[in-house]
Amino acid sequence: MAAYHWIKVFDSEEALQNNVKPNSVFATTVKGEKILLIQHDTAFYAVQERCPHNGASMAHGFCLKDELTCPVHRFRFNVVDGKSVSGGSYALKTYPVVINQEGVFVGVKAKWWEA
Ligand code: FES
């Protein structure tokens, strides 16, 4: 099982909700990796910021319900599992999000030499 570094991205769930709104994306960096935080229904998801097709920034993409659309070639990805919903084998890397009394954390997999 993968070990994670849990990086705090917000001090509270309230701060998360104030910054990450439905149908929008919130870009940040955790442990050197650019990610996007997305709200869908009542849950929050984290995915890689760069499009797996050709590396465009998805921070300027469109998010509707559980789909994030790349602004360049319009490939669409499910924010829950990262898989393409417009065909092809491209997929976004996903990160676990944990909310607890101490804040909001995103899990970044530890490198094999750190585990
Ligand atoms: S760069 Fe995102 S779909 Fe092509």
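Colleague: Which residue in S10 stands opposite Phe10?

Modeller: Val104 stands opposite Phe10. Residues are numbered from 1 along each chain as its sequence is written. The model is predicted: local features need pLDDT of at least 70, side-chain atom pairs count only at pLDDT 80 or more, and totals for chains, interfaces and linings use all residues.

Colleague: What do labels such as S10 stand for?

Modeller: Helices (H or I, at least four residues) and strands (E, at least two) are DSSP runs, numbered from the N terminus. S10 covers residues 103-109. The protein has 10 strands and 1 helix. The pattern along the sequence is β-α-β-β-β-β-β-β-β-β-β.

Colleague: How does the radius of gyration compare with the globule rule?

Modeller: The radius is taken over C-alpha atoms, and the rule is 2.2 Å times the number of residues to the power 0.38. Here the radius is 14 Å, close to the 13 Å given for 115 residues, so the protein is as compact as a globular protein of that length. The C-alpha trace spans about 40 × 35 × 20 Å along the principal axes.

Colleague: Back to S10. In which order do the strands of its sheet come?

Modeller: Start with pairing: two strands pair if DSSP finds at least two bridges between them. The order is S1-S10-S9, an open sheet of 3 strands with antiparallel pairing. S1 (4-10) and S9 (97-100) are the edge strands, and each pairs on one side only. On average, neighbouring strands are turned by 30° against each other, direction ignored. Such angles run from 0 to 180 degrees between N-to-C directions, and the axes are lines fitted to C-alpha atoms, for helices over the stretch in contact.

Colleague: How many bridges join S1 to S10, and how many join S9 to S10?

Modeller: S1 and S10 share 6 bridges and run antiparallel. His5 stands opposite Val108 in S10. S9 and S10 share 4 bridges, also antiparallel. Val98 has Phe105 of S10 as its bridge partner. A hairpin connects S9 to S10 through 2 residues.

Colleague: Where do side chains point in a strand?

Modeller: In a regular strand they alternate between the two faces of the sheet.

Colleague: What is the strand order in the other sheet, the one with S6?

Modeller: The order is S5-S6-S7, again an open sheet of 3 strands with antiparallel pairing. S5 (62-64) and S7 (76-78) are its edge strands, each paired on one side only. Its neighbouring strands are turned by 25° on average, direction ignored. S5 is joined to S6 (residues 67-69) by 3 bridges. Look for Leu64, which stands opposite Glu67 in S6.

Colleague: Is Val106 buried or exposed?

Modeller: Count C-beta atoms, placed from the backbone: a residue is buried with 20 or more others within 10 Å of its own, exposed with 12 or fewer, and partly exposed in between. Val106 has 24, so it is buried. This residue lies in S10. Of the 115 residues in the protein, 25% count as buried.

Colleague: Which residues does Val106 touch?

Modeller: Two residues touch, or are in contact, if their C-beta atoms, placed from the backbone, lie within 7 Å. Leaving out residues up to four places away in sequence, Val106 touches Ile7, Val9, Val30, Ile35, Ala46, Tyr95 and Val97. Val30 is 76 residues from Val106 along the chain, yet their C-alpha atoms are 7.6 Å apart. Across the protein, 45% of contacts between residues at least 6 apart in sequence join residues at least 24 apart.

Colleague: How many residues are in the largest nonpolar core?

Modeller: Such a core is a set of buried Ala, Val, Leu, Ile, Met, Phe, Trp, Tyr and Cys residues joined through C-beta atoms within 7 Å. The largest has 25 residues. Those with the most contacts inside it are Ile35, Leu36, Leu37, Ile38, Ala46, Val47 and Leu68. S1, S3 (33-40), S4 (43-48) and S10 each give two or more residues to this core. Beyond four places away in sequence, the residues that Ala46 touches include Ile35, Thr94 and Val106.

Colleague: What sign does phi have in most residues other than glycine?

Modeller: Negative, in most of them. Asn23 has a positive phi of about 65°, although it is not a glycine. Asn23 sits in the loop between H1 (13-19) and S2 (25-30). Asn23 has 11 C-beta neighbours inside 10 Å, so it counts as exposed.

Colleague: Where does Asp41 lie?

Modeller: Asp41 is in the loop between S3 and S4. Its phi is positive too, about 55°, and Asp41 is not a glycine. With 9 other C-beta atoms within 10 Å, Asp41 is exposed.
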